[in-house]
Amino acid sequence: MDRTELVRVLRAEQVPDALYDIPGVRDIEVQPDAYYFLRPAPDGGWVTGLWERSVDKDVSRFATEDEACQDLLAKLRARPRPPGAGQETVEELLAQNEELRRQAREEVERALREHPPDQET
């Protein structure tokens with residue numbers, strides 16, 4: 001398996017693109033706090049792992065691209081998932097997003113009412 005085939009498998013299994021970075025094949029444009037990666041090692045071979053809060057964790061090294069792809073696939077398949085994850089429709093996800101925004105706006109407004117910022121005159 002190569003990186004291109006790995007991305008095809010991950011997408012067929014509906015693994016969200018935001019969970020992994022595979023430079024040159026599936027690059028993350030806006031990096032979240034944590035994601036899995038597969039990349040060429042600077043000294044040859046391949047590495048996989050979890051990038052979390054600017055630190056590489058759970059790093060594994062492999063001689064071949066196939067071995068690294070198999071490892072990343074196993075890591076992504078084994079990751080914990082919240083109940084019902086991946087079952088929402090796009091419409092449901094958008095509605096959840098709007099509800100979260102509404103709640104956040106209400107919390108900010110309440111906090112400002114309870115603790116108004118100091119006004120300099």
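Two strands count as paired if DSSP finds at least two bridges between them. Under that criterion, β3 and β4 pair in the antiparallel sense over six bridges. Within this pairing, Leu 50 has Lys 57 of β4 as its bridge partner. The model examined here is predicted.

The protein has 121 residues, and 26% of them are buried. Its secondary structure consists of three helices and four strands. Read from the N terminus, the order of elements is α-β-β-β-β-α-α. The accessible surface is about 8,800 Å². Carbon and sulfur atoms contribute 50% of that surface. Among contacts with a separation of 6 or more, 29% join residues 24 or more positions apart.

The four strands form an open sheet. Their order in the sheet is β1-β2-β3-β4, and the pairing is mixed. Strands β1 and β4 lie at the edges, each pairing on one side only. Strands of a sheet pair through backbone hydrogen bonds, either parallel or antiparallel. Both senses occur in this mixed sheet. β1 and β2 run parallel and are joined by two bridges. β2 and β3 are antiparallel, with seven bridges between them. The pairing of β3 with β4 is also antiparallel, over six bridges.

Phe 37 can be followed across the sheet. In β2, Phe 37 is the bridge partner of Asp 21. Phe 37 also stands opposite Gly 49 in β3. The ring of Phe 37 has a charged neighbour: Arg 39 lies over its face, at 3.8 Å from the ring centre.

Strand β3 is mostly covered, with six of its seven residues buried. One of the residues in β3 is Trp 51, which takes part in an aromatic pair. The structure holds one such pair. Tyr 35 and Trp 51 form it, and their rings are stacked. The ring centres are 5.1 Å apart, and the planes meet at 25°. The pair links distant parts of the chain, with Tyr 35 in strand β2 and Trp 51 in strand β3, 16 residues apart. Tyr 35 has a relative accessibility of 4%, so it counts as buried. Trp 51 has a relative accessible area of 17% and is therefore buried as well.

The connections between the antiparallel strands contain residues with positive phi. The hairpin of β2 and β3 has five residues between the strands. In that hairpin, Gly 44 takes a positive phi near 105°. The hairpin of β3 and β4 has two residues between the strands. In its turn, Arg 53 has a positive phi of about 55°. Ser 54 is found in the loop between β3 and β4. Phi of Ser 54 is near 70°, a positive value in a residue other than glycine. With a relative accessible area of 59%, Ser 54 is exposed. Asp 58 lies in strand β4. Asp 58 likewise has a positive phi, of about 50°, although it is not a glycine. Asp 58 has a relative accessibility of 52%, so it counts as exposed; the cut-off for exposed is over 50%.

Helix α2 covers residues 65-78, 14 in number. The distance from its first C-alpha to its last is 20 Å. That span is close to the 20 Å expected at 1.5 Å a residue. The buried residues of α2 are Ala 68, Cys 69, Asp 71, Leu 72, Leu 73, Lys 75 and Leu 76. Their cover includes α1 (3-12) and the strands β1 (20-21), β2 (34-40), β3 (46-52) and β4 (55-62).

Ala 68 illustrates this packing in detail. Ala 68 sits in helix α2. Its relative accessible area is 0%, so Ala 68 is buried. Leaving aside residues up to four places away in sequence, Ala 68 touches Leu 38, Trp 46, Thr 48 and Phe 62. The C-alpha atoms of Ala 68 and Phe 37 are separated by 9.9 Å. Along the chain, Ala 68 and Phe 37 are 31 residues apart.

Methods:
Residues are numbered from 1 along each chain as its sequence is written. This is a predicted model: local features need pLDDT of at least 70, side-chain atom pairs count only at pLDDT 80 or more; totals for chains, interfaces and linings use all residues. Side-chain values use heavy atoms; hydrogens and water are left out. Buried means under 20% relative accessible area, exposed over 50%, partly exposed in between (1.4 Å probe, protein chains only). Contact means heavy atoms within 4.5 Å. Accessible areas come from the Shrake-Rupley method with a 1.4 Å probe; for residues, only the protein chains shown count as cover. The expected span of a helix is 1.5 Å times one less than its number of residues. Rings of Phe, Tyr and Trp (its six-membered ring) pair if their centres lie within 6.5 Å; planes under 30 degrees apart count as stacked, over 60 as edge-to-face and the rest as tilted. A charge sits over a ring if NZ of Lys or CZ of Arg is within 6 Å of the ring centre and within 35 degrees of the ring normal.
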